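The following exercises are to be worked through with the structure in view. Each task is followed by a solution in steps.

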Amino acid sequence: MNRTRQADLGTPASPATETVDVEIDGLPATVKAGTSILRAARESGVDIPKLCATDSLKPFGSCRLCLVEIEGRKGYPASCTTPVEDGMKIRTQTSKLSQLRRNVMELYISDHPLDCLTCSANGDCELQDMAGAVGLRDVRYGFDGENHLDAPVDASNPYFQFDASKCIVCSRCVRACDEVQGTFALTIEGRGFKSKVSAGISEDFLDSECVSCGACVQACPTATLMEKSIVDHGLPDHKVITTCAYCGVGCSFQAEMKGDQVVRMTPWKDGQANHGHSCVKGRFAWGYASHRDRVMKPMIREKTSDPWREVEWDEAIEYTAQRFKDIQTKHGRKSIGGITSSRCTNEEVYVVQKLVRAAFLNNNVDTCARVCHSPTGYGLKTTLGTSAGTQPFDSVMDADVIMVIGANPTEGHPVFASQMKRRLREGAQLIVVDPREIGLVKSPHIEAQHHLPLLPGTNVPIINALAHVIVSEGLADEKYVQERCDLESWESWKTMILKPENSPEAVGEVSGVDADAIRAAARLYGSADNAAIYYGLGVTEHSQGSTMVMGMANLAMATGNIGRSGVGVNPLRGQNNVQGSCDMGSFPHELAGYRHVSGEEVRTQFEQHWGVTIDPEPGYRIPNMFDAAVAGEFRGMYIQGEDVAQSDPNTHHVEAALSNLDCLVVQDLFLNETAKFAHVFLPGTSFLEKDGTFINAERRINRVRPVMEPQQGKDEWRITQEIAQALGYDMNYPNAAAIMDEIAELTPTFNNVSFKFLDEVGSVQWPCNDDAPMGTPIMHVDAFVRGKGLFVETDYVPTEERTNRKFPLLLTTGRILSQYNVGAQTRRTANNVWYKEDLLEVHPSDAEARGITEGMLVSLASRKGDITLRATITERVKPGVVYTTFHNPETGANVVTTEHSDWATNCPEYKVTAVQIAPASHRSQWQDEFAERAAEQGKIAETN
Ligand code: SF4
Ligand code: SF4
Ligand code: SF4
Ligand code: FES
């Protein structure tokens, strides 16, 4: 019996609201108009046999197994392609239907290996189930004739195999790749008996366009497309619903278990963020959780030159507390602090910020969101009143024009990208604002109406120019603005935006984008019924990141594009819990729910609950911590799940700061780059061991459920709690649920949230309180949270990072689908088959001018440092711009990035660095030193 298969109603739900009455096998049923007979029957508990239909795909009608009889109609129509009609009388079981279905099954089985008992899908095969359902007992045709039984197995993909001998050519895989994933990698080649599934012309899966999302594997009703983990370990016997721990889409998964071993992760159909879809990372790249590099015992050392010494938890916690106490005694209360991680659960993050505020007794807590989306919080709160995106992901299905700015959804947010691509194939129009020609600009059945390939650092002039056209050409929604926005700010913003320097012609000069293209894009956005903006780190990681976020909010308000489905300003958050780590009060100036620490009323509320006095002064931000460490004023740090030595800009400066600390405590899965400077290493837990919640980019609070015990012996929130206790503060939660109860009690936007409630409803989008008991999918519906929407003037102040003769090119960075951030997890999986190293993309003209050819080793030098990496020559980047990813610590991409940062939030300007490139013969000095340190650590960098 299959214990983990998800229910399948055969065809997608009808979007209709009206219903019709039908009779199925003599029993009345009321279903939505437009529902297929197959689905109507299944909704009523009648399982009509089926093979080519599944409820994630449009009906296809090829297998002829789902035949029914309809009173008053001739023949035997396929129930999957026939919609119900009012008064219809349907029979699903007659002797004629049984005979027809048996004949169909007989033909399938006559060309299918009869190895059910030893097949890895035995017990989880729809073909096997259907043979039983139609009562097939024997096959009249022999196997002597032409057949496919010797067809080869394609095992090229590291995670799944394709055994062509078992294929029934139902086309579910092809349709899943087209309709669900939008990659169009598969085709049915040939006709009739010769027809077969093919991943490109004579290509295997690995070499094809396939992006390994797993949608075809999930759709396949036989053992043809099968996870290798199931082939190796057998079928699961139970499942736990949890949430992917990679990106901010927050996909829900069934962790499918055999005993205490995970054998498969299957995207959960009821997951509201992903609706049963996945990408290669969440679906397959979870093996890092049991990688041999994982540290399982706490370790301490007096000096970083000493070898690590494994100790028991009690000793590690006591040692940590004592060193922190000593530092504070000697250097004062404010000499230590902590960094929370967007990789961790809300509950884990909350206790770290509480440790800092209630046990360290200062506000020196910051989060890694500082270096990615802090401008989102500032910009959206200032203009709209809430530090978060405005829409649910599903809203994109109502958008007519989609503007993607500084984001690469197909690589960074793949499951949402698939949904966006579906909407684009339905006819929505696309504007891409990006220095590179990202995949979305031109992909199967999609072509952007406008790609504005701006120079890195010129987002603000572009958004101003778009607004300039909209205002000057009368495309603004005056009525909306008059009703909903602050009119004084509207008038002054209009004056600013109409200045000549914001005209497309003037901005064209600055940004390198054709003025006509800017005008055309503005007209498209400004005249759409529903226009939506999606943006990423290509917006925030600039010295004007906050200005640009406000610029986008201005544009959306001016055109009336906030407050309903299909519109909005939507950050595509990078990490799984960026939203949550910000919500939990891990900024140095804000308590949970974005309330300033200087507010007495708020402080009093926390003080009464926590039994301490909270410092009313904001603490250090991450860059301030590093500066103070270099200056010798900041001496101790507790870093939760974050590799600052690799992920923060200006590596030399970060390393100098970390080396200067008297006590650095790192809590992580692996000995990361930061741990090279640590005195205490506290092993962390993977998402498979965590009990808590993540909050995705659409403010959705998802449950993360443990599928196994913490492998290193302790929940992460418990580690933090015990450090607090050792420091003398009585933190005493019995479980993670109790932490969420406290968060809910102290945070107005979370008042109704609890594990119990989430277990009942699945997930919920905050605010979730008495005003919105079931959460808030769309923000600012009747009015902006701040009251009147505020237009903020967004004059362009260029970055201080300028090109010159010595550094004539601009470096910008991004990521690829198969890898995740600094690669700590994904580099420890088979995803490495798609990634060998970080490459530097160079335009052919820049390459030629420097004698650089494809694959050549080049040195990349900035004012801050130099590294060496391999070049690839491509027109994806424009002349004057180079681009690389940052997934491997050995690349050291942040050795060259600068200390420039967003004026409002200090978010580093990763996306703009003036550089020069030249052919190189060997790696840089920093890379030599890095390799030496890695060798000293006794740790080989894990690649390939
Ligand atoms: S591989 Fe599976 S889904 Fe694809 S056609 Fe064959 S049986 Fe159907
Ligand atoms: S894994 Fe995804 S991309 Fe690859 S063929 Fe299957 S559906 Fe298409
Ligand atoms: S899209 Fe993001 S959340 Fe979803 S499976 Fe991929 S990495 Fe995980
Ligand atoms: S399930 Fe209807 S024709 Fe295949």
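**Exercise 1.** How many nonpolar, polar and charged residues does the shell around ligand 3 have?

*Solution.* The model is a predicted one, in which local features need pLDDT of at least 70, side-chain atom pairs count only at pLDDT 80 or more, and totals for chains, interfaces and linings use all residues. Residues are numbered from 1 along each chain as its sequence is written, chains are lettered from A and ligands numbered from 1 in the order in which they are written, and side-chain values use heavy atoms, with hydrogens and water left out.

Step 1. A residue is near a molecule if one of its heavy atoms lies within 4 Å of it. Around ligand 3, the residues include C244, C247, K281 and P414.

Step 2. Ala, Val, Leu, Ile, Met, Phe, Trp, Tyr, Cys and Pro count as nonpolar, Asp, Glu, Lys and Arg as charged, and the others, Gly among them, as polar. The shell around ligand 3 therefore has 9 nonpolar, 2 polar and 1 charged residues.

**Exercise 2.** Determine the class of H780 and of R64: buried, partly exposed or exposed.

*Solution.* Step 1. Buried means under 20% relative accessible area, exposed over 50%, and partly exposed in between (1.4 Å probe, protein chains only).

Step 2. H780 has a relative accessible area of 3%, so H780 is buried. Its phi is near 60 degrees, a positive value in a residue other than glycine.

Step 3. R64 has 40% relative accessibility and therefore counts as partly exposed. For R64, phi is near 65 degrees, again positive in a residue other than glycine.
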